[in-house]
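User: I'd like a close look at one part of this model, and then a walk outwards from there through the rest.

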Amino acid sequence: MTSTAADLRSRFLSYFVANGHEQVPSAPLVPSNDPTLLFTNAGMVPFKNLFMGKETRSYTRATTSQKCIRISGKHNDLENVGVTARHHTFFEMLGNFSFGDYFKEQAITLAWEFLTKEVGLDPNRMVVTVFGGEEGVPADEPAEELWRKISGLPDSRILRCGAEDNFWQAGDTGPCGPCSEIHYWVGEGQGDPSRFHTEPAPDGTGWTEIWNLVFMQFDRDESGKLTPLPAPSIDTGMGLERLAVVAQGAKSNYDTDLLRPIVDHVSTLTATPYNGSMEANDVSKRVIADHARTAAFLIAEGIFPDRDGRAYVLRRVMRRAIRHGHRLGLKDLFLHECALEVVNHMAGAYPELQERRALIEDVCRQEEQRFRRTLDRGLTLLTENKQWLEKNGARVLPGKVAFQLMDTYGFPLDLQQVIGTEQGFQVDELGFTKSLEQARKRSGKFKNAQDVVSTAYLNILEQHGPTEFSGYDLHTDQGIITALVYGGEIRPSLETGDEAELVTNRTPFYGESGGQVGDHGVISTAEGTFQVLDTQVPVQGLFVHRGKVTDGTITQGHTARLDVDQGRRSSVRRNHSATHLLHFALRTTLGPTAMQKGSLVGPDRLRFDYSGSSPLTPEQLRTIEDRVNERILKNVAVQTDVLPMDQARSRGAIGIFEEKYGEVVRMLTITEDSVELCGGTHVSRTGDIGMFRILSEQGLAAGVRRIEAATGTATLEHARHAENQLEALAATLKCPVDQLAPKASRLLEKQRELERELEALQKKLGAGSRQDWNDLAQQREDGRFLSSIVELKDPKALREMADSLRDKLAPAVVLLGADTGKGKAILACTVSKQLTPKYRAGDIIKAAAEILGGKGGGRPDFAQAGGPDVEKLEQAVAVLHTL
């Protein structure tokens, strides 16, 4: 029980070579024969075409130790890494394969003899499982009998399981078949076989699956159809890490010589002991050990951390490891050292690790340096973040903030979730995805690698300084074009049709921030015209105009005229100022707990998220609207003051997103009721808003609600649309608009009355069409049997009638048929529970449905079906009396 993992790997391969197998080197982690897989995730992947009969090789038996990664799609163990004793992103799968050569008997014999004779495991600590069968696929009784004969295990240790555990396939499609799993008891004693399916304890004690023998009999296509393979084959897989656990007398994979040296190295770096516990520091050490292996092997195959596909998966893994090192207090670069430990211990089996040792070290160093530059800042932003949602009593990081952390600071979503678990918050995944999609759509051709774009912005800011914003006072201004960015690269000029970004030293265009969208408009020079479709501030102080050259050439260094779309800006201003008044009205109506949680101010409408648990009543909605409109009608001047933050606070100013404010702030006063910090653009007088109208109010998340509203001419458009809808409805119902409500009430009552009449008629036709069902039922020794055709057209009513008759005649078997009048006959069969062992409703209905030219099935106690041959209905229900 003291075999090293290297010895176990060697003995496994040698054993199968001695038994006529070809030793095949591990295939790459990037599969060459299966575009549906991101990584090789099982030992059979390199042989998939052999199993499907699409390829032949010089051998019909093979054995491998295959490198595998499970970190995406169906097989994704990432979140369990370090938390359990046995989950990994990278692992080695030992396997033996038969391509139409031997089948179940020899596969079971080879596995049993290797474990009990070669490795010396105790049979009394084993349980084996076989496929117990499911609809359309029979139980694997041959395998069950072979296990009895070959192993001598008692029936209590040979157990049947369903498809979830004992029917295996690599993906949604491809080779598959029933399988047998071998489980081993880790811990004191021999284990209770009846509890083999329970997960091991966190320390690894319990039943652990060590080997899976797959009897490849079928190929599953995209529709789910199973087709027999050209020749039955064998695919087995045993995790080397798990074999090492049981062979070395360990409990956790991390205590074997495959991973413990890396864990110990992390302990040395942190100068803290590893105790093998579930304590956070020990979990972090295990995560680093696992992720260092994944990083070393992927880099050795030429995959480097980046933003897409496999490269992004690698970056996620590396940054998770770096984050765990950070929380352990590791100040110096460490990941490359851990990856080199992997090389030291595994290069003997995988020489590519030694060949690319320097590359592995260099890539790990560079990625850790990049991430550490933003790690502290990102963690600080999380700690200081004031934009929180609430769901089921828990804090939730808004998706937009989560996206910013990923986009700007390189924090993958799953890493934020790990930090959230540590710090007690959740992440809004739906909002994150929405922000990601919005960014992709908005960027268009600007969708570059973010690191490149960010570097371009920083270089522009460093070279030319911040943009002077003149938009508080002006709609039109002049500026010098300081930079042009196309495809993430700085260009000297742009041509007609180029979609790009333009930076000037001075601009009246407002860059999106504080919930207010960016301005649109036109930037023109003597040589060309640039249509601005968005304005952003990707780096503090730098305004970036995004759009397209519609005419001529735009050249860096030239003077430009900048014209904001004044109509759009005016609409945005009205909505922004109305947002402040809405906040005031909500707090006045609901109390000070109705605080702003977020907003979006656009030209068409405004959106305001606030803390609240209950929907607003119609009276509250009217009150809020009235209070906002009262302030609008006062037509008072809107006052803006630029002053130090402490003075603004002393004057009662409310700040919403405090991390965005500097030492000097803009304080906006809209009547004496609304005093807030805000850097957006606003109306000059409240009367400029025109009118305010709430369009909708709804729940957004637990404790957060959302109001959407309109101002100015948009309220008139809304009123006209509603009026048009009412007039159209009145025309349809042929009544005046002021009579719509009573007319609709009368129609609904009439509909309910007709439904009641229909229901009564159906019941009368069903239950009352026969005077005495007892006379029609056939009495047999074990119960009554009734078959009949009834005058019902609704399947639900037919079922209810069959159930009722079964209960009246119990114990009974009832088969009813009906003509729907639509060219289809329907059937319902119901069986008393005590009769189901002998008479199964699903079998009865299937036979009856075939006569009707249809199909059917169901449970043992109830089944339904139908078919087009209505004229054979009598013959179909008569099936019952042939039983």
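Which residue in E13 is the bridge partner of Leu 389? Please start with the sheet around that pair, then move on to the empty spaces, the helix packing and the other sheet.

Analyst: Bear in mind that this is a predicted model. The bridge partner of Leu 389 in E13 is Val 396. That pair belongs to the connection between E12 and strand E13 (residues 394-397), where three bridges join the two strands and the run is antiparallel. Step back a little and you have an open sheet of three strands, in the order E12-E13-E14. Its pairing is mixed. Strand E12 (389-391) and strand E14 (425-427) are the edges, each of them pairing on one side only. From one strand to the next, the twist averages 45 degrees.

Now for the empty spaces. Rolling a probe the size of a water molecule over the atoms shows where empty space is left. Here there are two cavities of 30 Å³ or more. The largest cavity holds about 50 Å³ of space, and its lining is made of Ala 85, Arg 86, Pro 200, Gly 204, Thr 208, Arg 242, Val 245, Lys 251 and Asn 253. By class, that lining splits into three nonpolar, three polar and three charged residues.

The second largest cavity comes in at about 30 Å³. Around it sit His 464, Gly 465, Pro 466, Thr 467, Thr 482, Val 503, Thr 504, Asn 505 and Leu 542. This lining has no charged residues; six are polar and three nonpolar.

There's also the second largest pocket, with about 1300 Å³ of space. A total of 44 residues line this pocket, and Arg 70, Arg 86, Glu 181, Glu 209 and Arg 242 lie nearest its centre. Arg 86 and Arg 242 turn up in the lining of the largest cavity too. Among the elements giving two or more residues to the pocket lining are strand E5 (90-98), strand E9 (174-186), strand E10 (206-220), strand E11 (226-239) and helix H6 (240-248). E10 supplies the largest share, eight residues. Sorted by class, the pocket lining has 16 polar, 15 nonpolar and 13 charged residues.

On to the helix packing. Two packed helices are described by the angle between their axes and the distance between the axes. For helix H8 (residues 280-300) and helix H10 (residues 335-346), the angle is about 70 degrees and the axes are 8 Å apart. Angles of 65 to 115 degrees count as roughly perpendicular, so that is how H8 and H10 sit relative to each other. On the H8 side, the contact uses Ile 288, Ala 292, Arg 293, Ala 296 and Phe 297, which meet Cys 338, Ala 339, Val 342 and Met 346 of H10. Eight of these residues are nonpolar, one is charged and none is polar.

Last stop, the other sheet you asked about. This one is an open sheet of six strands with mixed pairing, ordered E32-E33-E34-E35-E37-E36. Strand E32 (778-780) and strand E36 (856-858) form its edges, each pairing on one side only. The twist from one strand to the next averages 15 degrees. E32 runs antiparallel to strand E33 (residues 783-790), and three bridges join them. One bridge links Arg 780 with Gly 783 in E33. Helix H24 (residues 841-851) lies across strand E34 (812-819), strand E35 (825-831), E36 and strand E37 (862-867), and it runs at about 155 degrees to E35.

How values were computed
Residues are numbered from 1 along each chain as its sequence is written. This is a predicted model: local features need pLDDT of at least 70, side-chain atom pairs count only at pLDDT 80 or more; totals for chains, interfaces and linings use all residues. Side-chain values use heavy atoms; hydrogens and water are left out. Axes are lines fitted to C-alpha atoms, for helices over the stretch in contact, and angles run from 0 to 180 degrees between N-to-C directions. Helices (H or I, at least four residues) and strands (E, at least two) are DSSP runs, numbered from the N terminus. Angles under 35 degrees count as roughly parallel, over 145 as roughly antiparallel, 65 to 115 as roughly perpendicular and the rest as oblique. Contact means heavy atoms within 4.5 Å. Ala, Val, Leu, Ile, Met, Phe, Trp, Tyr, Cys and Pro count as nonpolar, Asp, Glu, Lys and Arg as charged, and the others, Gly among them, as polar. Two strands pair if DSSP finds at least two bridges between them. On a 1 Å grid over the protein atoms alone, a cavity is a set of points where a 1.4 Å probe fits but cannot get out, and a pocket is an open set with protein on both sides within 12 Å along at least five of seven lines; lining residues have an atom within 4 Å of a point. Grid points are joined across faces, edges and corners, and a volume is the space filled by probe spheres set on the points.
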